[in-house]
Amino acid sequence: MSERLLIFDTTLRDGEQVPGCQLSTIEKVQVARALEELGVDVIEAGFPASSPGDFHSVECIASAVSKPIVCALARAVESDIELAAQALKGAARGRIHTGIGTSDSHIRYKFNSTREDILEQAVAATRLARNLSDDVEFYCEDAGRTDNVYLARVVEAVIKAGATVVNIPDTTGFCMPDEFGQKIAYLMENVNGIDHVTLSVHCHNDLGLATANTLQAIRAGARQVQVTVNGIGERAGNASLEEIVMILRSHPELGIDTGIDTTRLFHASRLVSSLMNMPVQANKAIVGRNAFSHSSGIHQDGVIKNRKTYEILDPKEVGMLDSSLILTARSGRAALQQRCQLLGVEVHGPELDRLYEKFLKLADSKTDISDMDILGLAGHSEPRRQRVHLDYLNVTSGLGVEHCASIRMTIDGQQHEASSPGNGPVDAAIKCIKKITGNRMTIREFLIQAMDRGSDDTGKVHMQVEFENVLYYGFAADTDIVTAAVQAFICAVNKFPCERLVL
Ligand code: KIV
Ligand code: ZN
């Protein structure tokens, strides 16, 4: 009989702290619903005290999902804990996740305090949270670098004060797997009352050890893991949900079950990646583009004969429709024919020979052969271009000048032009689009963020546009933030279901 491991997903809290990855409330709810379908046990929805926007998102997520516990983060500070409790009011099952730094470095440099005072604050925060919620998780920040004897005292004290879950983060990702496993084993053996609570871990990936450390902790007795989709999170990220889940599934001898519907992993990965505009590295375990791809001729031949020769996981198990053989100049006819079949094109005999010849010529001049290239060679056209397309944009902006814009765009194959003044260059450009399409849409949310830093940085724009009482989401990125804003607006307009965009 397997033991159950609880999956606590913090994509919407630790993951969302990544610079440039902020989501709108609608997007967060979309991710929360995908996590619910995936079967996670707890969703950490945000940190309500950090901003009114975060508070609102936690409230919305709390009422949007019903199966998982919805959790809100709070420092061991009265007002944080009260705000967390307030934001969780609409949750079917809510949890306050409060805590404080327990390592000597945090106690001394961050809080200018002492071990005894921190212990008292930890107990007071837990009691307050427990008065406001039946479910309280306490985190000992930087537990990875906290002295085990002191850590055990804090854990025991917060359990006595009413914590139902105790979380042991390796906040800086510093621990080695055996050391982190021993820390968990030490707590399991030396803390009175530990068997009445769930012991949780939260591992960061600064040294690439987040998954290994999480796994060691599970082996030592942790029964909840804090993870994120695609392993996103502060700095180098957190332990990745899909890796932990698939490791445990691939090793039944560990006797641990997660309850996750693994066939939804790929979808969740791509949803988070596209909403946060954070690409998944091609060689990422489980969900990377190349995770199930075989490019050498020998590997391709083996996989075509029997997948198990080079694949330990079936891509269907994680929701990938099929593994893709990367097509290069070294690929054979069989690989090309198989890709064509996946793309819905049947080629055999002399037709396959002709296609293969064309393919080899292309592969000689281009290393990365895409599905579009294959369809092109096979005589199948590319998918239809978006119905609304920006062809030209010129804006005048600056101090002491009148802001105005001129635009040329193609809508359903017809070119249109307009010019307009406005209250800033973006407003002027949007007014041009409205002149062409009719003033039937309203911007409800408009978020501009720099991807990184520097004056040459790319700006990301998230926009919500209301049309006939429905909100449509648009996204674009460009080094020119006015262009990015206009393209984000057009991205949303392209989703309108109406037959005629130009009245
Ligand atoms: O890394 C960390 O310690 C955290 C805590 C807030 C759990 O994210
Ligand atoms: Zn963290």
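The exercises below work through a predicted model of a protein with a zinc ion and a second ligand.

Local features here need pLDDT of at least 70 and side-chain atom pairs count only at pLDDT 80 or more, while totals for chains, interfaces and linings use all residues. Residues are numbered from 1 along each chain as its sequence is written, chains are lettered from A and ligands numbered from 1 in the order in which they are written, and side-chain values use heavy atoms, with hydrogens and water left out.

**Exercise 1.** Find which residues are the protein donors of the zinc ion (ligand 2), and where they lie along the chain.

*Solution.* Begin with the term: donors are N, O and S atoms within 2.8 Å of the metal (3.2 Å for Na, K and Ca), and since water is not among the atoms, sites may look incomplete. The protein donors are Asp14, through OD, and His202 and His204, each through NE2, at 2.0 to 2.1 Å from the zinc ion. Along the chain their spacing reads D-x187-H-x1-H. Aspartate 14 sits in the loop between strand 2 (6-9) and helix 1 (25-38), and histidine 204 in the loop between strand 8 (198-203) and helix 8 (210-220), so this pair ties together parts that are 190 residues apart in sequence. Helices (H or I, at least four residues) and strands (E, at least two) are DSSP runs, numbered from the N terminus.

**Exercise 2.** Decide whether aspartate 14 and histidine 204 are buried or exposed.

*Solution.* Buried means under 20% relative accessible area, exposed over 50%, and partly exposed in between (1.4 Å probe, protein chains only). Aspartate 14 has 2% relative accessibility, and therefore counts as buried; histidine 204, at 3%, counts as buried too.

**Exercise 3.** Describe the polar contacts of ligand 1 and how much of its accessible area the protein covers.

*Solution.* A polar contact is a pair of N or O atoms within 3.5 Å; within protein, one must be able to donate a hydrogen and the other to accept it, and residues adjacent in sequence count only if both atoms are side-chain atoms. An oxygen atom of ligand 1 lies 2.9 Å from a side-chain N or O atom of arginine 13. For aspartate 14, the distance from a polar side-chain atom to an oxygen atom of the ligand is 3.0 Å, and for histidine 202 the corresponding distance is 3.1 Å. On its own, ligand 1 has 260 Å² of accessible area, of which the protein covers 92% (Shrake-Rupley method, 1.4 Å probe; for residues, only the protein chains shown count as cover).
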